[in-house]
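Let's walk through this protein from its overall fold down to single contacts. Have the sequence and the coordinates at hand as you read.

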Amino acid sequence: MPGSSDDYVRVMPVDEIAEAEIYEFEVDGEPRILTRVGDEIFACDGICTHEYAELAEGEIEDHVVYCPLHGSGFDLRTGAVTSLPAVTPLPIYDVKIEGGQVFVSRRPRGESGA
Ligand code: FES
């Protein structure tokens, strides 16, 4: 499929991702974060949707990432806001594992990419 390999970017080896640690990376100059909860790996935007805060400085608890600035929570599975003051969902990226490496989709889930 032409271009399909461009749809995902390689981030890091899966066995280097510790539970509830936050890893920063960039795609096309935009900050993203990666974390592990149990056996699942999640990737989302690195900047809070409320004001400007880097979620890499935040905390993971269960399936929620908490913003370091005003404490909004976002569900890593859906991007949904779990606690105010943010009201806009966080863009979430699909994750796949191939050959022991984590790959993250270039575009947020739900965006066609056409
Ligand atoms: S900047 Fe994240 S909750 Fe305000």
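The report covers the fold, then the two sheets, then the nonpolar core.

This is a predicted model, in which local features need pLDDT of at least 70 and side-chain atom pairs count only at pLDDT 80 or more, while totals for chains, interfaces and linings use all residues. Residues are numbered from 1 along each chain as its sequence is written.

The protein has zero helices and 10 strands, where helices (H or I, at least four residues) and strands (E, at least two) are DSSP runs numbered from the N terminus. The radius of gyration, taken over C-alpha atoms, is 14 Å, close to the 13 Å of the globule rule (2.2 Å times the number of residues to the power 0.38) for 114 residues, so the protein is as compact as a globular protein of that length. Its C-alpha trace spans about 40 × 35 × 20 Å along the principal axes.

The strands form two open sheets, summarised here; two strands pair if DSSP finds at least two bridges between them. The twist angles are between axes, which are lines fitted to C-alpha atoms; angles run from 0 to 180 degrees between N-to-C directions.

| Strand order | Pairing | Average turn between neighbouring strands |
|---|---|---|
| 1-10-9-4-3-2 | antiparallel | 35°, direction ignored |
| 5-6-7-8 | antiparallel | 30° |

In the six-strand sheet, strand 1 (8–13) and strand 2 (23–27) stand at the edges with a single partner strand each, so one side of each has no neighbour in the sheet. Strand 9 and strand 10 pair over five bridges, and Val95 has Val104 as its bridge partner in strand 10.

In the four-strand sheet, strand 5 and strand 6 (residues 64–66) pair over three bridges. Ile60 stands opposite Val65 in strand 6.

Which residues touch the most other members of the largest nonpolar core? They are Leu34, Ala43, Cys44, Val102 and Val104, out of 20 residues in that core. Strand 3 (30–37), strand 4 (40–45), strand 9 (92–98) and strand 10 (101–108) each give two or more residues to this core, and strand 4 gives the most, with four. A nonpolar core is a set of buried Ala, Val, Leu, Ile, Met, Phe, Trp, Tyr and Cys residues joined through C-beta atoms within 7 Å. Buried means that 20 or more other C-beta atoms, placed from the backbone, lie within 10 Å of the residue's own.

Val104 touches Tyr8, Val9, Val11, Arg32, Leu34, Ala43, Tyr93 and Val95, not counting residues up to four places away in sequence; contact here means C-beta atoms, placed from the backbone, within 7 Å.

Terms used: A residue is buried if 20 or more other C-beta atoms lie within 10 Å of its own, exposed if 12 or fewer, and partly exposed in between; C-beta atoms are placed from the backbone. Two residues are in contact if their C-beta atoms, placed from the backbone, lie within 7 Å.
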